[in-house]
Protein chains: 2
Amino acid sequence: MAATFVIAQGGGPTAVINRTLVGAVSEIRKRHPGARVLGARHGVRGIRDGDYVDLSALPEKQLDLIGRTPSAALGSTRDKPDAAYCEVILAGLKKAGADAFIYIGGNDTAGTQQILTEAAAGTMTFVHAPKTVDNDLVENDHTPGFISAGDFVAGAFLSVDLDFRALPGVYVAIVMGRHAGFLTAASAAWRIDGDSGPHLIYVPERAFSAKRFIEDVRETLDRHKRCIVAVSEGVSTADGKALVESLVPADRLERDAHGNIRLSGGDLGMAFERALADGLPGKRARVDTLGYMPRGYVGMINETDSREAFEAGAFAVEAADRGGGSVALQVENGRTVMKLVPLGNVAGKTRHMPDSFLEADTNRLSTEGLAYFERLLPRKFDVGKPFV
Amino acid sequence: MAATFVIAQGGGPTAVINRTLVGAVSEIRKRHPGARVLGARHGVRGIRDGDYVDLSALPEKQLDLIGRTPSAALGSTRDKPDAAYCEVILAGLKKAGADAFIYIGGNDTAGTQQILTEAAAGTMTFVHAPKTVDNDLVENDHTPGFISAGDFVAGAFLSVDLDFRALPGVYVAIVMGRHAGFLTAASAAWRIDGDSGPHLIYVPERAFSAKRFIEDVRETLDRHKRCIVAVSEGVSTADGKALVESLVPADRLERDAHGNIRLSGGDLGMAFERALADGLPGKRARVDTLGYMPRGYVGMINETDSREAFEAGAFAVEAADRGGGSVALQVENGRTVMKLVPLGNVAGKTRHMPDSFLEADTNRLSTEGLAYFERLLPRKFDVGKPFV
């Protein structure tokens with residue numbers, strides 16, 4: 001009897017997570033002609049509920065189009081199953097006759113696959129295919145989804161910096177990133193000269209001080225006549241608390257099923273608006289929350305990211321044939337290569353942006369940091385130097 | 001002696017305002033070989049202060065690159081000169097030996113040119129070249145800058161709608177637009193099917209009711225399992241007050257030099273977050289402020305917009321030769337044509353989005369509205385239909 005593969009997508013969508021799905025389906029067709037491919041709707045929920053879309057016979061043309069569509073075409077979930085939930089999933093997979101389950105997602109998704117691997121005791125194969133705009137998976141040089149999101153953020157800051165050269169003031173944009181500052185730091189990738197913003201970058205890896213922030217802005221205004229700031233939503237004060245936790249009354253803090261505080265709301269933005277109004281009265285200051293834009297903007301799907309996402313999906317099928325594990329994107333001799341690593345190396349772990357990516361005493365990228373982002377995110381658009 | 005042209009850029013930058021500058025410079029070189037072309041820095045401030053960049057001999061290659069650069073390369077200003085200020089500007093123009101002054105901007109800019117025309121009493125020629133992402137100039141079918149900004153907004157809503165198909169909930173994005181809802185309504189241009197968001201569109205032209213809003217969202221959730229909302233920053237309640245004015249304490253309202261209330265802050269977003277938390281408790285809801293992104297995003301410069309912006313600049317030089325006035329983009333037989341209209345027709349006037357662009361009883365675009373936006377903003381990216 002032909003093999004049955006179940007595939008699902010978990011966590012926050014990205015611009016290229018569907019390319020990973022398409023890469024996996026294509027490789028299954030190549031390696032296992034006649035195999036059944038079931039897509040579970042909304043991640044593990046679809047397996048629990050027996051809610052599948054049969055991808056086995058999906059025409060190539062439709063498959064190709066889905067691969068160029070941002071967000072998770074199968075739907076996603078924030079569920080982070082415990083051992084009991086995993087037993088239900090395992091029963092669902094058995095009922096579907098699955099030989100292998102490929103789950104595309106971040107470190108929580110790797111965690112689910114690790115629990116399932118243990119529970120299945122060799123009766124089934126489990127593969128984690130990487131995906132996250134946060135770029136926070138250990139074992140990976142970078143993750144599928146990050147380059148497109150980083151391009152969006154880099155383009156946003158290049159554009160806003162030009163806007164504020166024309167009409168000077170202070171600009172703060174809050175960027176997704178709970179624990180890792182990579183996406184926020186990507187804001188500097190497309191700087192055009194030494195005068196370019198972002199002039200200040202605040203990431204979760206470095207303690208934030210409101211007092212120091214105002215001083216930093218004031219110094220930047222003296223030097224550049226404007227000040228462009230990139231802030232991670234997960235930025236924290238020295239006591240280890242998320243900044244939003246210090247600023248928002250406890251009874252108004254919203255938490256998700258994992259107990260994580262919600263960071264993407266307007267509170268943090270408002271806090272920055274007030275801090276600037278108090279610290280630099282009368283100064284034109286604007287705060288935007290980039291929010292959901294970076295993670296799946298249809299106009300900024302990066303070709304390299306798209307290709308690597310496809311390769312990660314294809315390699316996930318090879319990984320299933322080799323007994324399962326986590327697919328990792330590593331760089332050898334300047335080329336991205338796919339590696340198979342143990343699920344336990346990735347599950348539940350967060351890769352932080354190295355402290356050496358920022359200069360020691362300023363909130364600017366170091367030479368090392370810039371080199372990383374300029375390698376991954378070469379500027380896609382040529383622009384001229386303004387006359388002001 | 002060769003002619004002298006002064007050119008300046010006013011108001012909020014756009015993705016293609018530099019193409020209008022380049023169009024004007026190119027046409028001057030063609031029509032008036034040897035003419036002097038002075039770019040005033042930061043709009044009329046540069047004329048007042050004698051702060052010019054000499055564009056006469058700028059190499060073609062550099063000119064071309066500037067034309068592909070978003071934001072106002074000469075810098076901009078929010079100054080809205082009165083008669084006395086205009087006397088100072090006129091003196092500055094005379095000192096520079098100007099024969100003609102081309103000012104690229106919105107309806108305030110046309111107003112400045114009208115005052116200057118009267119003050120100069122025939123000694124000099126004044127041309128207004130149109131620019132605004134608000135699309136709110138009378139006499140124009142649409143304005144340079146709007147198509148690129150509209151593309152950005154349409155792409156943002158297509159992308160977020162796909163994101164919320166994967167992880168359902170309520171999403172609200174606040175879009176620039178003080179008095180005119182065109183840019184907010186552009187959010188619907190790239191809908192892929194009848195299930196697509198935005199499901200609700202709130203523009204300044206229709207009175208906003210917080211109670212009705214919650215009912216609208218609830219009904220949409222019942223029908224589509226998610227609700228994607230586009231809101232203009234200038235949305236107003238039935239008493240004619242900007243919504244933000246009803247929500248924010250008077251002493252916290254910020255006003256610009258023209259007495260306009262600042263709308264771009266986080267207050268409106270927070271008000272929506274709270275309204276949703278109160279009206280639909282426990283429901284996942286997210287609010288983003290698109291803020292500055294749409295008006296000059298480097299990755300979304302539309303080719304048609306870029307070409308028309310260039311043509312508007314070139315035609316402004318012809319308009320100067322014909323005695324001055326305002327350049328208007330009109331559509332004849334499906335083609336955009338440049339027309340010369342009196343400054344007084346455009347100055348200080350706001351073109352609103354026709355009420356017939358929305359359905360009578362719902363906050364959705366009518367067939368007429370959709371036809372307008374789909375003509376101007378054809379979808380640039382093909383996407384597949386998700387499986388959820």
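User: In this predicted model, in which loop of chain A is Asn135(A) found?

Analyst: Asn135(A) is found in a loop of chain A, and the elements on either side of that loop are a strand and a helix. In this predicted model, the loop in question is the one between β5 (125–130) and α6 (146–166) of chain A.

User: Is Asn135(A) buried or exposed?

Analyst: The backbone of Asn135(A) has a phi near 60 degrees, which is a positive value in a residue other than glycine. To judge burial, one counts the other C-beta atoms within 10 Å, and 20 or more make a residue buried. Asn135(A) has 26 C-beta neighbours inside 10 Å, and therefore counts as buried.

User: How does Glu139(B) count, given its C-beta neighbours inside 10 Å?

Analyst: Glu139(B) is found in the loop between β5 (125–130) and α6 (146–166) of chain B, and has a positive phi of about 75 degrees although it is not a glycine. A residue is buried from 20 neighbours upward and exposed at 12 or fewer, with partly exposed in between. Because Glu139(B) has 18 C-beta neighbours inside 10 Å, this residue counts as partly exposed.

User: Which residue of chain A follows Gly197(A) across a cis peptide bond?

Analyst: The peptide bond that starts at Gly197(A) has omega near 0 degrees, and is cis. The residue on its other side is placed in the loop between α7 (182–185) and β7 (200–202) of chain A. That residue is Pro198(A).

User: How far apart do the C-alpha centres of domain 1 and domain 2 of chain A lie?

Analyst: The domain assignment of chain A gives domain 1 as 4–132 + 300–346 and domain 2 as 146–297 + 352–376. The two domains touch, with 15 residues of domain 1 of chain A in contact with 13 residues of domain 2 of chain A. Between their C-alpha centres, the distance is 32 Å.

User: Which residues touch the most other members of the largest nonpolar core?

Analyst: The largest nonpolar core has 234 residues. Leaving aside residues up to four places away in sequence, Ile102(A) touches several residues, including Phe5(A), Val127(A) and Ala316(A). The residues that touch the most other members are Ile102(A), Ala316(A), Ile102(B) and Ala316(B).

User: As by what kind of axis are the two copies related?

Analyst: Chain A can be laid on chain B with an RMSD of 0.0 Å, by a turn of 180 degrees and a shift of 0.0 Å along the axis. The two copies are thus related as by a two-fold rotation axis.

Definitions and conventions:
Residues numbered from 1 in each chain as written. Chains lettered and ligands numbered in written order. Predicted model: local features only at pLDDT ≥ 70, side-chain atom pairs only at ≥ 80, totals over all residues. Core = buried A, V, L, I, M, F, W, Y, C linked by C-beta atoms within 7 Å. Contact = placed C-beta atoms within 7 Å. Domains from an automatic or database assignment. Least-squares fit on C-alpha atoms with pLDDT ≥ 70 in both. Helix = DSSP H or I, 4+ residues; strand = E, 2+ residues; numbered from the N terminus.
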